[in-house]
Structures are given as C-alpha cells and as structure tokens.
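Take a look at the chain below. This report goes through its strands, then its helices, then its core.

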Amino acid sequence: MIEFDLQTFRQGREGGNVTGTIFLALRDGAFPAQGWSDFPVIILGWWIEALLQLETPTRREVQWRFMDGPHVAILTKVTSDASTAAFEFPEVRSSLLMAAERVVAHCDE
C-alpha cells in the first residue's frame, strides 16, 4: 500500500529534511502519482498520528496529507460491511509501520 524508494532519499544539508519517492499504491493506481517525491519522514509521522486517531471509537475518518501539492488521502472507518472497504485496517497499519521502521532505519544509517 505505501510505496517508497530508499535509494531516492536525499538530505539537502546536515539536519535538513529528507526528500524521496513515496506514494500510495491503491487498487485504482498510484496516488498522488507513481514515483511521487515528497518528504517521507514528515508525512509518515503525520500518517501515524492520523491512524492513531482513527483507532478512537468516535473518529470516523482521518486524512493522510502529502506536503507537496494539495494531495490528501482520506481514510474512512467502515464497520457495517467490510467487503466494501478498499483496505482492511490491519493491512493499512502494517504497511504504515513497516514503511516507518524501514525509513527510520535508513535515516539512522
């Protein structure tokens, strides 16, 4: 679901933000686009915070924002019929945690 390319990650200056390829691989195609370059460390942090909010019983949807451009993916909690969901919650959580762990490990190197 979350696609990224660690080989494209670059830090402009010491202590600066990291840029690199990161996008969502959805059933209908890539969002915002295949090979999208953004700020993966920052947006993965935002996405983790948003996903934690979605675990709150009263929260029905959250937004996963990208920094570059006005692109937003909306995650909506569906409880009545799981077959209508594009992705199951465990799949989304697993993809996000795997991406975050690999990106953090890469940046630590």
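Which residue of strand 3 stands opposite Ala25? Ala30 does. Keep in mind that this model is predicted.

## Strands 1 to 4

Start with strand 1, residues 2–11, and strand 2, residues 18–26. They pair in the antiparallel sense. Ile2 has Leu24 of strand 2 as its bridge partner. The two strands form a hairpin, with 6 residues between them. In that turn, Gly15 has a positive phi of about 80°.

Strand 2 also pairs with strand 3, residues 29–31, in the antiparallel sense. This is where Ala25 stands opposite Ala30. Strand 2 and strand 3 form a hairpin too, with 2 residues between them.

Strand 2 has a further antiparallel partner in strand 4, residues 37–38. Here the bridge partner of Gly20 is Asp38 of strand 4.

The loop between strand 3 and strand 4 holds Pro32. A cis peptide bond joins Phe31 to Pro32, with omega about -5°.

## Strands 5 and 6

Strand 5 and strand 6 run antiparallel. Arg65 has Val72 of strand 6 as its bridge partner. These strands form a hairpin with 6 residues between them. In this hairpin, Gly69 takes a positive phi near 85°.

The bridge counts of the strand pairs are set out here.

| Strand pair | Sense | Bridges |
|---|---|---|
| Strand 1 and strand 2 | antiparallel | 6 bridges |
| Strand 2 and strand 3 | antiparallel | 3 bridges |
| Strand 2 and strand 4 | antiparallel | 2 bridges |
| Strand 5 and strand 6 | antiparallel | 5 bridges |

Which residues of strand 6 point to the buried face? Ala73 and Leu75 do, and both are buried. Val72, Ile74 and Thr76 point to the other face and are not buried. In a regular strand, side chains alternate between the two faces of the sheet.

## Helix 1

Helix 1 has 15 residues. At 1.5 Å a residue, they should span 21 Å. The end C-alpha atoms are 21 Å apart, so the model agrees with the expected span.

Which residues of helix 1 are buried? They are Pro40, Ile43, Leu44, Trp47, Ala50, Leu51 and Leu54. These residues cover an arc of only 125° around the axis, so they sit on the same side of helix 1. An α-helix has 3.6 residues a turn, so residues three or four places apart point the same way.

The face turned away from the buried side carries the exposed residues Glu49 and Leu52. The buried residues of helix 1 pack against strand 1, strand 2, strand 4, strand 5, strand 6 and helix 2.

## Helix 2

Helix 2 covers residues 89–108. Its 20 residues should span 28 Å at 1.5 Å a residue, and its end C-alpha atoms are 28 Å apart, which agrees.

Its buried residues are Val92, Ser95, Leu96, Ala99, Ala100 and Val103. Seen down the axis, they fall within an arc of 125°, so they line one face of helix 2. The face turned away from them carries the exposed residues Glu101 and Asp108. The buried residues of helix 2 pack against strand 1, helix 1, strand 5 and strand 6.

Now compare two serines of helix 2, Ser94 and Ser95. Is Ser95 buried or exposed? Ser95 is buried, because its relative accessible area is 9%, and the cut-off for buried is under 20%. Ser94 counts as partly exposed, because its relative accessibility is 45%.

Leaving aside neighbours within four places in sequence, Ser95 is in contact with Met1 and Ile2. Ser94 and Ile2 are 92 residues apart in sequence. In space, their C-alpha atoms are 9.8 Å apart.

## The nonpolar core

In soluble globular proteins, nonpolar side chains tend to be buried together. The largest nonpolar core here has 26 residues. Which of them touch the most other members? They are Ile2, Phe4, Trp47 and Trp64. Strand 1, strand 2, helix 1, strand 5, strand 6 and helix 2 each supply at least two residues of this core. The largest share, 6 residues, comes from helix 1.

Trp47 shows how the parts meet. Leaving aside neighbours within four places in sequence, Trp47 is in contact with Ile2, Ile22, Leu24, Trp64, Arg65, Phe66 and Leu96.

Technical notes
Residues numbered from 1 in each chain as written. Predicted model: local features only at pLDDT ≥ 70, side-chain atom pairs only at ≥ 80, totals over all residues. Heavy atoms only, no water. Pairing = 2+ DSSP bridges. Helix = DSSP H or I, 4+ residues; strand = E, 2+ residues; numbered from the N terminus. Expected span 1.5 Å × (residues − 1). Buried < 20%, exposed > 50% of the residue type's maximum accessible area, 1.4 Å probe, protein only. Arc of directions from axis to C-beta. Contact = heavy atoms within 4.5 Å. Core = buried A, V, L, I, M, F, W, Y, C linked by side-chain atoms within 4.5 Å.
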